[in-house]
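Hello,

Here is the structure I promised to pass on. Have a look at it first, and then read on for what turned up.

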Amino acid sequence: MLNVQDLVAARLYASEEAVIQDALRLLLRERSDLRIGLAVYRYEQEAISLAKAAALAGVSWPQMREILIERGVQPRLGPEALEEARAEVQALRKDFERQL
């Protein structure tokens, strides 16, 4: 059985943390259900904005809003900080550019 320490011992990764981070990144890339679930969770915990949740889930801002509603999560009205507002504007711009 392969383990994290083997990858570090073989000098394929600098640390166990690097192995885990790479594995999580690849897992989330392949599993859209996990990306969406994580985005909903982080949004519910008020750790990220709607725009950031959409980016994490790999969906558009309107799609993320619908996903939240379908899962019984009430979208928050407006950003609470200037940086959140900028992130949401940037996400909306990207979404509109994809639609053109």
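Let me start with Glu46, which counts as exposed at 56% relative accessibility. Please keep in mind throughout that this is a predicted model. Glu46 sits in the loop that runs between helix 3 and helix 4. Its phi is positive, at about 60°, although Glu46 is not a glycine. That is worth a second look because most residues other than glycine have a negative phi.

Arg11 is another residue of this kind: it is not a glycine, yet it has a positive phi of about 60°. You will find Arg11 in the loop between helix 1 (4-9) and helix 2 (16-30). Arg11 is exposed as well, with a relative accessible area of 76%.

Now to helix 4, which spans residues 50-57. Which of its residues are buried? They are Leu50, Ala51, Ala53, Ala54 and Ala57. Viewed down the axis of helix 4, these buried residues fall within an arc of 160°, so they line one face of the helix. What do they pack against? Their partners are helix 3 (32-44), helix 5 (61-70) and helix 6 (82-99).

Just after helix 4 comes Gly58, with a positive phi near 80°. Gly58 belongs to the loop between helix 4 and helix 5. Its relative accessible area is 59%, and since exposed means over 50%, Gly58 is exposed. If you want a distance to check on screen, take Gly58 and Gln99: their C-alpha atoms are 15 Å apart in space, while the two residues are 41 apart in sequence.

The last thing to show you is the interior. The largest nonpolar core has 14 residues, and those touching the most other members are Val40, Tyr43, Met64 and Leu68. Helix 3, helix 4 and helix 5 each supply at least two residues of this core.

Met64 is a good place to zoom in. Leaving aside neighbours within four places in sequence, Met64 is in contact with Ala39, Val40, Leu50, Ala53, Ala54, Ala57 and Val59. Several names there will be familiar from helix 4: Leu50, Ala53, Ala54 and Ala57 are among its buried residues. Val40, for its part, is listed with Met64 among the core residues that touch the most other members.

If you open the model, I would begin at Met64 and its contacts, then follow the buried face of helix 4 to Gly58, which comes after the helix.

Best wishes

Conventions: Residues are numbered from 1 along each chain as its sequence is written. This is a predicted model: local features need pLDDT of at least 70, side-chain atom pairs count only at pLDDT 80 or more; totals for chains, interfaces and linings use all residues. Side-chain values use heavy atoms; hydrogens and water are left out. Buried means under 20% relative accessible area, exposed over 50%, partly exposed in between (1.4 Å probe, protein chains only). Helices (H or I, at least four residues) and strands (E, at least two) are DSSP runs, numbered from the N terminus. The arc is that of the directions from the helix axis to the C-beta atoms. Contact means heavy atoms within 4.5 Å. A nonpolar core is a set of buried Ala, Val, Leu, Ile, Met, Phe, Trp, Tyr and Cys residues joined through side-chain atoms within 4.5 Å.
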